[in-house]
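Okay, thanks for making time, everyone. I'd like to walk you through one structure this morning, so let me put it up on the screen.

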Amino acid sequence: MRSKKRIFASVLALMMVLSTALVLGACGSGDDKEAAKEPANPKLILATTTSTKDSGLLDAILPEFEKESGYKVDVISVGSGEAMAMGEKGEADVLLVHSPAAEKEYVEGGHADKDGRLDVMYNDFVVLGPKDDPAAIEKNSKEDAIKAFTAIKDQKKTFVSRADDSGTHKKELSIWEKAKIQPKGDWYVEAAAGMGDVITMTDEKTGYTLSDRATWLNVGKNTQLKIVCEKDPSGVLNNQYGVICVNPEKNENINAEGAKAFQTWIVSKDTQKLIGEYGTEEYGEALFVPNAK
């Protein structure tokens, strides 16, 4: 009799344990489901300049956004001009670009949402050249970009241009314009390529080029190039980045909610901190300076 009672008690205890486990499991499943809840439209198209990709920044920070928001970001890495053209056509949801004058025109043209463009971060451009620096730029025009470009043209030294309507390409053209030079001839090579590829091409041709500092720091170690001109006090080498949500009226497929989530996230205090820390451990300096207002 006692044996039967012990068996009954054991079975009853087991049933209570199983019941408790099922209840807790159900609660846990509900919590997990809530934590992993996806947005109504989880796919987000980010059109951005090649420098944010080639510098390694997006690989470093985007996983945090995807983890926190539930959005899956499809990065289209092109020049700033092409990124904005995608926005005008409604082929992207949000833009991260670095061509302030063109961005202003884009917003004024009605292609952005009501919040327009927001500052995100900045760094600077540098002029790269061969280690023997045949145009003697480092010696004669270390902090004068216009004088550096003039020396390259006068001595017909190879210059590799992005030639892709990117922010870097627009900056390069503005420097030639300030130098009152129309770049053309065998010495002027139009690559129609991204920054990383152009740096590689410049190295192969032992020529000169204009690069954003972040991409240079990320890929330059694999070349024989060096910085020959930088930190021009006139500000001509400044490089500001902005984020723009595409006008949702472009078409019904624009993910306006996701674009706004990204814009809000990238200018947030925590993300600005991530941006400011990127590169310090590997390169000994930040690749970008956050300056969201």
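I'll start with one helix, move to a strand pair, and then go through some salt bridges and two backbone angles. Keep in mind that this is a predicted model.

So, helix α7 to begin with. Which of its residues are buried? In α7 those are Ala-145, Ala-148, Phe-149, Ala-151 and Ile-152. If you look down the axis of α7, these buried residues fall within an arc of 160°, so they line one face of the helix. And what does that face pack against? The buried residues of α7 pack against quite a list: β4, α6, β5, α8, β7 and β8. If you want to find α8 on your screen, look at 167–178, and for β7 go to 209–212.

Now the two ends of α7. At the N-terminal end there's a cap, and the residue doing it is Asp-144. One of the side-chain oxygens of Asp-144 lies 3.3 Å from the backbone nitrogen of Ile-146. Past the other end, just after α7, Lys-156 takes a positive phi of about 55°. Lys-156 sits in the loop that runs from α7 to β5, and it isn't a glycine, which is what makes the positive phi worth pointing out. Is Lys-156 buried or exposed? Something in between: its relative accessible area is 49%, so it counts as partly exposed, with the exposed class starting over 50%.

There's another one like that. Ala-136 also isn't a glycine, and its phi is positive too, near 55°. You'll find Ala-136 in the loop between β4 and α6. Ala-136 has a relative accessible area of 25% and is partly exposed.

On to the strands. β4 spans 112–130, and it pairs with β8 in the antiparallel sense, over four bridges. To get your bearings in that pair, look for Leu-128, which stands opposite Ile-227 in β8. β8 itself is mostly covered, with four of its five residues buried.

Right, charges. Side chains of opposite charge can pair when their charged atoms come close. How many salt bridges are there here? The count comes to 15.

Let me pick out a few, beginning with Lys-260. Lys-260 makes a salt bridge with Asp-113, and the closest N and O atoms are 2.8 Å apart. That one ties together distant parts of the chain, since Asp-113 is in strand β4 and Lys-260 is in helix α11, 147 residues apart. Lys-260 also forms a salt bridge with Asp-115, where the closest N and O atoms are 2.5 Å apart. Again that's helix α11 to strand β4, and here the two residues are 145 apart.

How covered are these three? Asp-113 has 16% relative accessibility, so it counts as buried. Lys-260 is at 23% and is partly exposed, and Asp-115 is partly exposed as well, at 36%.

Last stop: Glu-138 and Lys-142. They form a salt bridge with the closest N and O atoms 3.7 Å apart. Glu-138 counts as partly exposed at 32% relative accessibility, and Lys-142 is partly exposed too, at 26%. Which residues join them in a wider network? Asp-124, Arg-213, Lys-226 and Glu-230 are linked with Glu-138 and Lys-142 in a network of salt bridges.

That's my tour, and I'm happy to take questions.

Notes
Residues are numbered from 1 along each chain as its sequence is written. This is a predicted model: local features need pLDDT of at least 70, side-chain atom pairs count only at pLDDT 80 or more; totals for chains, interfaces and linings use all residues. Side-chain values use heavy atoms; hydrogens and water are left out. Buried means under 20% relative accessible area, exposed over 50%, partly exposed in between (1.4 Å probe, protein chains only). The arc is that of the directions from the helix axis to the C-beta atoms. Contact means heavy atoms within 4.5 Å. A polar contact is a pair of N or O atoms within 3.5 Å; within protein, one must be able to donate a hydrogen and the other to accept it, and residues adjacent in sequence count only if both atoms are side-chain atoms. Two strands pair if DSSP finds at least two bridges between them. A salt bridge is a side-chain nitrogen of Lys or Arg within 4 Å of a carboxyl oxygen of Asp or Glu.
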